[in-house]
Amino acid sequence: MDFASAAPSVVKSIRQRDLLNTWLRLFARTQTAPAVWEYQPARLEDELSDLIYYTVDISTPTPRLTIQSEGTRISRAYGHTGKGVLLDDYIGPRLAPFVMPFYYECVARGLPVYSVADIDDIYGRVVAYERLLLPFLTDGKVCHIIASLKTFCEDGGFEIKNLMRGNDALPRPKLRAVIDQDLFHRAPGRIAAADVVEFADQSGPAVTSETIELN
């Protein structure tokens, strides 16, 4: 499966961008993914229903991801909760080729992975399924992933129950990207390092200017 190279701006959801920006602030310190216990986004409790936490076992040739969350909104899309279950067993062989490569790429690269796919609900309405995967390190290895899963329908309401299993239509990928560009978060309204600012001295009849480079 091919992945595009992308900047954080590729993420559409405002809340997913907030989650990503928190990760980027931690990443910027050492240019590596943070530990999961360091990750404390603002208003995290508001997002818990759309988040899934995984532990990652990399002792086998193919990483094994175990679901650590239950009662999430996306569990309704699959028809049941999966805490303690391996992800590939939870989604089943039909969907595994459309899901697992994103997680494997996230583990291999140690960088966020973002994807968008279209899915039909049981009434045939097209639902956009946006997935953001954030990796977290322990002893230099990806041992945790947090997934933010958002669903959106341009036609308004849709049926989330059994969304991933309710019909024969498979997800239709629209975007697959590794976020590996511009891996920093610039707070709004602040001047970035190395930007040039000019100060004008207007105390006399002639206007002079002084250029200062911010480092």
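This is a short tour of a predicted model, with something to select at each stop.

**Stop 1: the whole chain**

Start with everything shown as a cartoon and colour it by secondary structure. You should find 4 helices and 9 strands. Now trace the chain from the N terminus, and the elements come in the order β-α-α-β-β-α-α-β-β-β-β-β-β. The chain has 215 residues, and buried ones make up 44% of them.

**Stop 2: a hairpin and its neighbour**

Select residues 51–57, which are strand β2, and residues 64–67, which are strand β3. These two strands pair in the antiparallel sense, with 4 bridges between them. Together β2 and β3 make a hairpin, and 6 residues sit between the two strands.

Next, add residues 141–152, strand β6. It also runs antiparallel to β2, and 5 bridges join the pair.

Which residues does Thr55 have as bridge partners in β3 and β6? Click on Thr55 and look to each side of the pairing: in β3 the partner is Thr66, and in β6 the partner is His144. While you have a strand on screen, here is a handy thing to know: in a regular strand, side chains alternate between the two faces of the sheet.

**Stop 3: just before β2**

Step back along the chain to Asp50, in the loop between α2 and β2. Is Asp50 buried or exposed? Asp50 counts as buried because its relative accessible area is 11%, and the cut-off for buried is under 20%. Now select Ala147 as well and draw a distance between the two C-alpha atoms. Asp50 and Ala147 are 97 residues apart in sequence, yet 8.2 Å apart in space.

**Stop 4: the largest pocket**

Time to look at some empty space. The largest pocket holds about 200 Å³. To find it, select its lining: Lys12, Val116, Asp118, Val126, Ala128, Glu130, Phe152, Cys153, Glu154, Asp155 and Lys174.

Colour those residues by class and you get 5 nonpolar, 6 charged and no polar ones. Which strands each supply at least two residues of this lining? They are β4 (113–120) and β5 (126–138). Of the elements, β5 gives the most, with 3 residues.

**Stop 5: the second largest pocket**

Move on to the second largest pocket, with about 150 Å³ of space. It has 15 lining residues, and the ones closest to its centre are Phe98, Phe102, Ala117, Pro171 and Pro173, so select those five to get your bearings.

How does this lining divide by class? There are 12 nonpolar, 1 polar and 2 charged residues. Helix α4 (87–109), along with β4, β5 and β7 (172–179), each supply at least two of the lining residues. The largest share, 4 residues, comes from α4.

**Stop 6: around Phe102**

Stay with Phe102, one of the residues closest to the centre of that second pocket. Show its side chain as sticks and add Phe3. The model has 4 aromatic pairs, and Phe3 with Phe102 is one of them, arranged edge-to-face. The ring centres are 5.6 Å apart, with 90 degrees between the planes; edge-to-face needs planes over 60 degrees apart.

Where do the two partners of this pair sit in the chain? Phe3 is in the segment before β1 (4–6), while Phe102 is in helix α4, so the pair links parts of the chain that are 99 residues apart.

Now add Arg131. It lies over the face of the Phe102 ring, at 4.8 Å from the ring centre. Phe102 itself counts as buried because its relative accessibility is 5%.

**Stop 7: two backbone oddities**

Finish with two loops, and turn on the backbone atoms. Select Gln31, in the loop between α1 (14–30) and α2 (44–47). Gln31 is not a glycine, yet its phi is positive, at about 60 degrees. Its relative accessibility is 48%, so Gln31 counts as partly exposed.

Then jump to Asp139, in the loop between β5 and β6. Asp139 is no glycine either, and its phi is also positive, at about 55 degrees. Is Asp139 buried or exposed? With 76% relative accessibility, Asp139 counts as exposed, as the cut-off for that is over 50%.

How values were computed. Residues numbered from 1 in each chain as written. Predicted model: local features only at pLDDT ≥ 70, side-chain atom pairs only at ≥ 80, totals over all residues. Heavy atoms only, no water. 1 Å grid on protein atoms, 1.4 Å probe; cavity = no way out; pocket = protein on both sides within 12 Å on 5 of 7 lines; lining within 4 Å. Points joined across faces, edges and corners; volume = space filled by probe spheres on them. Nonpolar A, V, L, I, M, F, W, Y, C, P; charged D, E, K, R; others polar. Pairing = 2+ DSSP bridges. Phe/Tyr/Trp six-rings, centres within 6.5 Å; stacked < 30°, edge-to-face > 60°. Buried < 20%, exposed > 50% of the residue type's maximum accessible area, 1.4 Å probe, protein only. Lys NZ or Arg CZ within 6 Å of the ring centre and 35° of its normal.
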